[in-house]
Amino acid sequence: MNGAQSLVKTFLKNGVDTVFANPGTSEMHFVAALDEHPEMNCVLCLFEGGTTGAADGYFRMKRDVAGTLLHLAPGLGNAFANLHNARKAGSGVVNVVGDHATHHQRYESPLKGDILGISHAISHWTRVSGDATGIASDGAAAIQAARSRNGQIATLILPADTAWNKADAPSKRLAAPQSLYRPSSGEIEAAATRLKTPNAALMIGGSALFGSLRELAGKIAATTGCQLLADTLIPRISKGAGTAKLDQLVYPISPKITQLEATSSITLLGTDRPVAFFAYPGKPSVPEPPECLIASLCATTDDIGWTLKSLADAVGVNGKTPVRTFPLDLPSIPTGQLTLEKVGLTLAALIPENAIVCNESVTSGFHVIPPTATARPHELLAGTGGAIGLCLPCATGAAIACPERKVIALTGDGSAMYTLQSLWTMARANLDVTVIVFANRGYQILRDELANVGVERFGQNAQAMFDVENPMLDWVSLAKGHGVNGTRTDDIESFSKALAAGLSSGGPSLIEVVCPPTA
Ligand SMILES: Cc1ncc(C[n+]2csc(CCOP(=O)(O)OP(=O)(O)O)c2C)c(N)n1
């Protein structure tokens, strides 16, 4: 067996059976080794940002890692922005990056580059395999690192000769990663006392935002009277009817400050402290009032489940504790002229139970998302690192992780253009994804942000950088060119019809929402 074969067998032995790939010549032995294992699901993404965004979406839903296969420094560089999003989401990803054979590296060949430099800037764990006999244990260590601390970025760099030289047996399944850090009983007791004081807030993140832990967090809020909070951009959150009520912080800094103006303390559990996305002249970087106490009980990389359960015991949650939940309140489907609010109401009426909604609809989302609070229960995934171009790859990875669930991808037209090729992967794998593109023909948020930094009027150059027109993007044709059926909608009847058709099609479809100019 060669090094590449020992690595693929190690992946399978360690439970990694999905690879989002964009290979090149230096990875050919790895490709040949993958080819020997039909049980390995190899998903071609036509740009490296598609591979890492898909691995992120896969981890968020599956709670386990997938691999990516990338081509030297340029491939890893192309993958960077969505690795940044994955890192901010706390997603585990195992990157395998091919490199030139060891003896070739002293020459300045075209694809030679600083793979290590790029990897160190984004990965929690980086290793260059030294020889073929070590690849299997390096691969197992990479998987273990990616599963550690609730999910990390691990990058294994494989010089081509380590893949083609003779290796030993694949590595055995490595033990589970080290146990997670847990706060002391004193810290739990102090948090329990603090949450019972007036205007206290518990801000939750990570696995506390969905499933049974979210319900437990709701019980803690009901027992203590504290406010339950979540940050603006979150990797995964339960939404809709039956989910415990919480308040999510908004994006703009001024209303974010208003949201927290009466808050006396924020206890952080599985999340970092709230912060403004950007600094603005004359505005603070953090939204809470100066006298508000910020206390971190459990970091994003700590044992979130254990901490939440211990806190629930400490505050006296019991089986009878009621939880304040969002009710089921489905709006009737509106008619007439299309507005973003009506698109939101239609979406709220039609989101199927247990759907996964990936949201990168930027300014359109401010109008479209609020009505979904009382839709059928579903889960929402957002772009955590602020690097746009996540939505379509993330929806791809989520659909591969959960083939039995319907996926809805809400994206701005500007964001969708970054990783448009994911449509082709959706078509090839016949993924059950309904893509909704908000075609407002520009970078609307940047128009707003220019005003936020104090610029009152903008002219030709600013307009040239914000408008995505001349030529106008034709989303129906773009979808068709990637093998996906597309529909353009500029009234609400055709939108609701297209959405219902997309959701019942069982495969991918795209709806272009022609946004009204005032939106
Ligand atoms: C990788 C990356 N490049 C650039 C930006 C800056 N940026 C933020 S939002 C945005 C445009 C978003 O446009 P669109 O998706 O159409 O949403 P809209 O603002 O129109 O609602 C840009 C370019 C970014 N956040 N990330």
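Which residue is the bridge partner of V435 in strand 18? The partner is L510. This model is predicted. Two open sheets are described here, one of 6 strands and one of 7 strands. A ligand is also present, with 18 residues around it. Two local backbone features complete the briefing: a cis peptide bond at N470 and P471, and a positive phi at N199.

**Sheet of 6 strands**

- The strand order is 2-1-3-4-6-5. Pairing in this open sheet is parallel.
- Strand 2 (41-44) and strand 5 (125-128) are the edge strands. Each of these pairs on one side only.
- From one strand to the next, the twist averages 20°.
- Strand 4 covers residues 93-99, and strand 6 covers residues 153-159. The two pair in the parallel sense, over 7 bridges.
- Opposite V93 stands I153 of strand 6.
- Helix 1 (residues 3-13) lies across strand 3 (67-71), strand 4 and strand 6. The helix runs at about 175° to strand 4.

**Sheet of 7 strands**

- This open sheet has the order 9-14-13-15-16-18-17. Its pairing is mixed.
- The edges are strand 9 (237-239) and strand 17 (485-489), and each pairs on one side only.
- The twist from one strand to the next averages 20°.
- Strand 16 (residues 433-439) and strand 18 (residues 509-514) run parallel. They are joined by 6 bridges.
- V435 and L510 are bridge partners, with L510 in strand 18.
- Helix 13 (residues 340-350) lies across strand 15 (407-412), strand 16 and strand 18. Its direction is at about 170° to strand 16.

**Pairing in general**

- Strands of a sheet pair through backbone hydrogen bonds, in a parallel or an antiparallel sense.

**Ligand site**

- Of the 18 residues around the ligand, those that come nearest are T363, G386, D413, G414 and S415.
- D413 places a polar side-chain atom 2.8 Å from an oxygen atom of the ligand.
- G414 uses its backbone: an N or O atom there lies 2.8 Å from an oxygen atom of the ligand.
- I388 also contributes through its backbone, where a polar atom is 3.2 Å from a nitrogen atom of the ligand.
- The ligand taken alone exposes 580 Å². The protein buries 79% of that area.
- Helix 14 (362-368), helix 16 (413-418) and helix 18 (444-452) are the elements that give two or more residues to the shell.
- Helix 16 gives the most, with 4 residues.
- By class, the shell holds 7 nonpolar, 10 polar and 1 charged residues.

**Local backbone features**

- N470 and P471 are joined by a cis peptide bond, with omega about 5°.
- P471 sits in the loop between helix 19 (460-466) and helix 20 (475-481).
- N199 has a positive phi of about 65°, although it is not a glycine.
- The place of N199 is the loop between helix 9 (185-195) and strand 7 (200-204).

Definitions and conventions
Residues numbered from 1 in each chain as written. Predicted model: local features only at pLDDT ≥ 70, side-chain atom pairs only at ≥ 80, totals over all residues. Heavy atoms only, no water. Pairing = 2+ DSSP bridges. Axes fitted to C-alpha atoms, helices over the stretch in contact; angles between N-to-C directions. Contact = heavy atoms within 4.5 Å. Near = heavy atom within 4 Å. Polar contact = N/O pair within 3.5 Å; in protein donor to acceptor, adjacent residues only side chain to side chain. Areas by Shrake-Rupley, 256 points an atom, 1.4 Å probe, with all protein chains shown as cover. Nonpolar A, V, L, I, M, F, W, Y, C, P; charged D, E, K, R; others polar.
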